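Below is a short note for a colleague who has not yet looked at this entry. The points are numbered so that each can be checked in turn.

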Amino acid sequence: GHRGAVRSVSFSPDGRWLASGGLDKTVRVWEVETGNTVRSRSGAREVSAVSFSGDGRWLAWASWDGTVRLAHAGTGEVQRTLRGHTGEVLALAFSPDSRWLASGSWDDTMRLWEAATGRPLRVLKGHKDYVPTLAFSPDGRWLASGSADTTVKIWEVASGAELWTLSRHSGVVYAVAFSPDGRWLASGGWDRTIRLWEVATGREYRTLEGHEAQVSALAFSP
């Protein structure tokens with residue numbers, strides 16, 4: 001159904017629906033069992049990220065126009081448009097309790113929003129280049145960000161304080177993921193490596209090598 005590259009996909013918590021967004025400026029919601037498109041929305045600019053909230057209430061998508069849109073997951077109706085970034089929005093992540101939505105942008109910043117109201121909580125600054133990947137820790141206490149400045153940062157959500165800057169990559173960091181127990185953070189990127197970090201200390205635990213191209217996605221087993 002898409003007529004351009006698909007940039008992002010996200011399953012609903014119950015596994016019934018799959019959302020996708022891409023460079024054809026559309027967001028589609030698919031019924032997993034049948035493969036049919038049940039909903040489609042088009043915008044003025046390309047869609048770079050889509051994400052269902054963990055409680056299944058919201059579907060968010062990010063656009064190259066610098067906005068984030070929050071829609072009711074059941075109806076697809078846009079409830080609010082979040083504005084504040086001054087560059088393309090590249091990454092989205094909901095907190096595990098679905099209270100907060102984080103966005104990362106070409107403007108080198110991350111923003112935290114209250115999902116229920118669209119109220120901005122804070123702006124996180126510290127990266128020196130664009131931010132293409134974000135992840136919350138399983139307990140919602142920490143937010144990890146990867147950047148084109150080759151660093152990974154871990155932030156305390158409640159205060160916005162920076163806990164660690166992890167600096168062993170030599171290229172853009174395209175993916176970050178916390179382990180289910182929150183003890184480890186994995187990062188991967190342009191340098192073709194995956195690095196495992198101990199969250200409590202910021203210590204690099206292991207480097208995984210062998211890919212012949214950039215690493216753009218990561219996942220831990222349950």
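**Notes on the predicted model**

1. Isoleucine 194 is found in strand E19, which covers residues 194-198. The model is a predicted one. Isoleucine 194 has a relative accessibility of 14% and counts as buried, because the cut-off for buried is under 20%. Not counting residues up to four places away in sequence, isoleucine 194 touches Ser187, Gly188, Arg206, Thr207, Leu208, His211, Val215 and Leu218. Between its C-alpha atom and that of serine 147, which is 47 residues apart from it along the chain, the separation is 15 Å.

2. An open sheet is made of four strands in the order E13-E14-E15-E16, and the pairing is antiparallel. Strand E13 (133-136) and strand E16 (162-166) are at the edges with a single partner strand each, so each has one side without a neighbour in the sheet. Direction ignored, neighbouring strands of this sheet are turned by 15° against each other on average.

3. Within that sheet, E13 pairs with strand E14 (residues 142-146) in the antiparallel sense, over four bridges. Alanine 135 stands opposite alanine 144 in E14.

4. How many residues of strand E3 (residues 26-31) are buried? Six of its six residues are, and the strand is described as mostly covered. Thr26, Arg28 and Trp30 point one way from E3, while Val27, Val29 and Glu31 point the other way; all are buried.

5. E3 has pairings with two strands to record here, E2 and E4. With strand E2 (residues 17-22) the pairing is antiparallel over five bridges, and valine 27 in E3 is the bridge partner of glycine 21. E2 and E3 form a hairpin with three residues between them, where lysine 25 in the turn has a positive phi of about 70°.

6. With strand E4 (residues 37-42), E3 again pairs in the antiparallel sense over five bridges. Serine 40 in E4 is the bridge partner of arginine 28. The hairpin of E3 and E4 has five residues between the strands, and glycine 35 takes a positive phi near 80° there.

7. Is threonine 67, in the loop between strand E6 (58-63) and strand E7 (68-72), buried or exposed? Threonine 67 counts as buried, because its relative accessibility is 6%. Its side chain makes a polar contact of 2.6 Å with the side chain of aspartate 65. Leaving aside neighbours within four places in sequence, threonine 67 is in contact with Trp61, Ala62, Thr81, Leu82, Arg83 and Val89.

Conventions
Residues numbered from 1 in each chain as written. Heavy atoms only, no water. Pairing = 2+ DSSP bridges. Axes fitted to C-alpha atoms, helices over the stretch in contact; angles between N-to-C directions. Buried < 20%, exposed > 50% of the residue type's maximum accessible area, 1.4 Å probe, protein only. Contact = heavy atoms within 4.5 Å. Polar contact = N/O pair within 3.5 Å; in protein donor to acceptor, adjacent residues only side chain to side chain.
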